[in-house]
Amino acid sequence: TPNTVEKTPVTLLGLGAMGTALARAWLAAGHPLTVWNRTPARTTPLAAKGARVADTAAEAVAANTLVVLCLLDDSSVDEVLAGTDLAGRDLVNLTTSTPAQARARAEWARERGARYLDGGIMAVPPMIGVPEAGGYVFHSGSRELFERHRETLGVPAGTTYVGEDPGFAALHDVALLSAMYGMFAGAAHAFALIREEDIDPTALAPLLADWLVAMAPAVHRTADQLRSGDYTKGVVSNLAMQVAGTPTLLSTAEHQGVSPELLTPYFELMRRRLAQGSGEEDLTGVIDLLAH
Ligand code: FVH
């Protein structure tokens, strides 16, 4: 249809769980799509939906200006792009990488005549192509390139541009994932506490989820304190009070037969900060202790 012809053609390298979800979203939106995957069998369902299948990565790269990568890791990007001609390509790398790898990859692409945009996907595959699921992708690197392809890149999930530094998307990605694991650790401890009791975990779950959501806005106060340098600004529950409360949590864990190992590193940092005379502060001073 004429509508299809107008859509930016996309090459996609990598058809794992995430790559396949991206491919389906672009196909559903009418983008001409060329795909390649190391294991060819993964291309079959997409070919049935209209994707063109390239025999080699080099052929896929040659097919379109916009080339998106969604591979396992940075070394698989090396392997896949070895021997491809990247001159004049717009490379968008959605493979999870470290900020340093993303910066090196941007320079690597520039040396080969390609423009480069890095991406960090804040979504799991079922959220792709489902705008109401709230998934999005951090992008960083060339702003001009981001603007040029904003509409196409926004088809599978929302887009959030975080700066010209190609490492910033990965840094934002890792920052959010790190916070997520802290949250999962806390939830794991909470479930362990009730596990041997007559409490249904499915009854605790909504209470837990609501509590975490209620506490989450505290990050705005933390950010405000970091920016001002005043860690007492707007403090609600000061550090002295919070440290005083930790024995209750630890002895409850002991009585419930639960290892405190997920909690103690954070409690130790709180205690060290208190020992520096920061009892009137918020928890923000812990961040200072984390700097090497
Ligand atoms: N799936 C998820 O929940 C997360 C959500 C957030 C973002 N991540 C990142 O997305 C990248 C791809 O993840 P994925 O879920 O698609 O991963 P897999 O299903 O394991 O597919 C991996 C693809 O990479 C290909 N591949 C791996 N190694 C090589 C290599 N040496 N040479 C060529 N291709 C390679 C693999 O090919 P094959 O095994 O099918 O032949 C898949 O296409 C990733 O960075 C996540 O961190 C996903």
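Setting aside neighbours within four places in sequence, Arg-89 makes contact with Val-61, Thr-65, Val-67 and Ala-114 in this predicted model. This arginine sits in the loop that runs between α5 and β5 (90-93). Is Arg-89 buried or exposed? It counts as buried, because 22 other C-beta atoms lie within 10 Å of its own, and the cut-off for that label is 20 or more. Not everything in the chain is close by, though: the C-alpha atom of Ala-123, a residue 34 positions away along the chain, is 26 Å from that of Arg-89.

Zooming out, the protein chain carries 13 helices and eight strands. Its C-alpha trace spans about 65 × 45 × 35 Å along the principal axes. The chain splits into domain 1, covering 2-164, and domain 2, covering 172-290, and the C-alpha centres of these two domains are 37 Å apart. Of the 292 residues in the chain, 32% are buried. As for how the chain contacts itself, take the contacts with a separation of 6 or more: 60% of them link residues 24 or more positions apart.

Next, the nonpolar interior. In soluble globular proteins, nonpolar side chains tend to be buried together. Here the largest nonpolar core has 50 residues, and Leu-12, Leu-13, Ala-23, Val-35 and Val-68 are the ones with the most contacts inside it. Which element gives the most to this core? That would be α2, with six residues. Leu-12 is a handy residue to look at in detail: leaving out residues up to four places away in sequence, it touches Gly-19, Leu-22, Ala-23, Leu-33, Val-35, Val-68 and Cys-70. Three of those partners, Ala-23, Val-35 and Val-68, also appear among the residues with the most contacts inside the core.

Then there is the ligand. It is surrounded by 22 residues, of which Gly-16, Met-18, Arg-38, Thr-39 and Thr-96 are the closest. Two elements, α2 (17-28) and α5 (74-81), each give two or more residues to this shell. So what is the shell made of, by class? It has 10 nonpolar, eight polar and four charged residues. Helix α2 thus turns up twice in this account, since it gives two or more residues to the ligand shell and also gives the most to the largest nonpolar core.

Conventions. Residues numbered from 1 in each chain as written. Predicted model: local features only at pLDDT ≥ 70, side-chain atom pairs only at ≥ 80, totals over all residues. Near = placed C-beta within 6 Å. Helix = DSSP H or I, 4+ residues; strand = E, 2+ residues; numbered from the N terminus. Nonpolar A, V, L, I, M, F, W, Y, C, P; charged D, E, K, R; others polar. Buried ≥ 20, exposed ≤ 12 C-beta atoms within 10 Å, placed from the backbone. Contact = placed C-beta atoms within 7 Å. Domains from an automatic or database assignment. Core = buried A, V, L, I, M, F, W, Y, C linked by C-beta atoms within 7 Å.
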